[in-house]
Amino acid sequence: MSIAITGTGSFRPSIIIENSSFEKNTFLNSDGTPIDAPNKTIIEKFKSITGISERRYAIDELNTSDLGHLAAAKAIENAGIDQETLDYIIFAHNFGDLSPGKIQGDTLPSLASRVKHKLGIKNPKCVAYDMLFGCPGWIEGVIQANAFIKAGMAKKCLVIGAETLSRVVDKYDRDTMLYSDGAGAAIIEEAEGKGQFLNHETATYANDEAYYLFFGESYNKDIKEDRRYIKMYGRKIYEFAISHVPQAMKECLDKTGRDISEVKKIFIHQANEKMDEAIVKRFYRQYKLKPPKGIMPMTIGRLGNSSVATIPTLYDKVKKGNIEGHGIEKGDLVLFASVGAGMNINAIVYEV
């Protein structure tokens, strides 16, 4: 059975937020004390580590499910399928729909059900559900879609990754500059000659690592509003990722019996440029090799970290030739990999 990605789509929000937009922010340490450095220095250091020079925010009128719907519609059109034949809609996100200024995420009904409604799908046997798996959520949704099809439970699945992280950031935390909004989607279906999934790996580390990413209070201790924001222990995440992700990638590839030299592209979660580079270097070091030039396309510099949306957006752009110097062709071997809250890790080896 050949199961393939037959269509892709992404949505890039229209509001561009450049690094200079944060020059007037008041950045604080976690204990509420001011960071002992000028904002320009903080921003320059941030750029040198993450590679981010700008990011995208959604307009107030669009929510996470709206972004997901826009990406999904493009993926359906790209695949050339009848949307009524979809068996599953799997929507990966972390915070639900987040209305600007509100303190609660909205997940009732599920975002997947909202997308089904927006698409106008009438078929009740098209099952819609949400995936909460941190940044690796879209990849995990693809893994599940592949499993459903292999098991004979489905023939066509829509997997979406979307987030509006700009609405859960603490403006007093310098990490606010990391996050962005966006959406990507793909159609996974049984289709001969259009690609095939060769292997996957998934793991959850939830002992010491469970709360490396969490919901926490503002660093501004004078704020009395009962509101929570996305928080992380950046150094711990970095060390965890470069220690565990390369190993998972190697295990995933080795089980296919394919050689490292056959890998044409690595689509890695756009979390942090330096971290992603370190992961890929360590991955190749396990084979006593250096990464080939151009192996890792990146969008983080212009789009920021949109969590579950980064990989499907990246793949869509490369597949359609929208990233200069990068492309994939039929028969190419590619590797997907991600790490995020949980702490979760996953990887897929896919032949285009």
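Reader: Where is S307 found, and how are its neighbouring elements named?

Author: S307 is found in the loop between α7 and α8 (310-319). The names come from DSSP runs: helices are H or I runs of at least four residues, strands are E runs of at least two, and both are numbered from the N terminus. A word on the model: residues are numbered from 1 along each chain as its sequence is written, and side-chain values use heavy atoms, with hydrogens and water left out. It is a predicted model, in which local features need pLDDT of at least 70 and side-chain atom pairs count only at pLDDT 80 or more, while totals for chains, interfaces and linings use all residues.

Reader: Why is S307 called buried?

Author: Buried means under 20% relative accessible area, exposed means over 50%, and partly exposed lies in between, with a 1.4 Å probe and protein chains only. S307 has 2%, so it is buried. Its phi is also positive, near 55°, in a residue other than glycine.

Reader: And K288: does it count as buried or exposed, and why?

Author: K288 has 77% relative accessibility, so it counts as exposed. This residue is found in the loop between α6 and α7 (300-303), and has a positive phi of about 60° although it is not a glycine.

Reader: What makes P100 partly exposed?

Author: Its relative accessibility is 37%, which is why P100 counts as partly exposed. P100 lies in the loop between β4 (88-92) and α3 (111-119). In sequence P100 and I59 are 41 residues apart, yet their C-alpha atoms are 9.5 Å apart in space.

Reader: Which peptide bond joins L108 and P109?

Author: A cis one, with omega about 0°. P109 is found in the loop between β4 and α3. Another cis bond runs from G342 to M343, with omega near -10°, and M343 sits in the loop between β12 (333-340) and β13 (344-351).

Reader: How do you know that the length of helix α4 agrees with its 14 residues?

Author: The expected span of a helix is 1.5 Å times one less than its number of residues. For α4 (residues 137-150) that gives 20 Å, and its end C-alpha atoms are 20 Å apart, so the two agree.

Reader: Why is α4 called largely enclosed by the rest of the structure?

Author: 11 of its 14 residues are buried, so the description fits. Among them are W138, I143 and F148. After α4 comes G152, whose phi is positive, near 80°.
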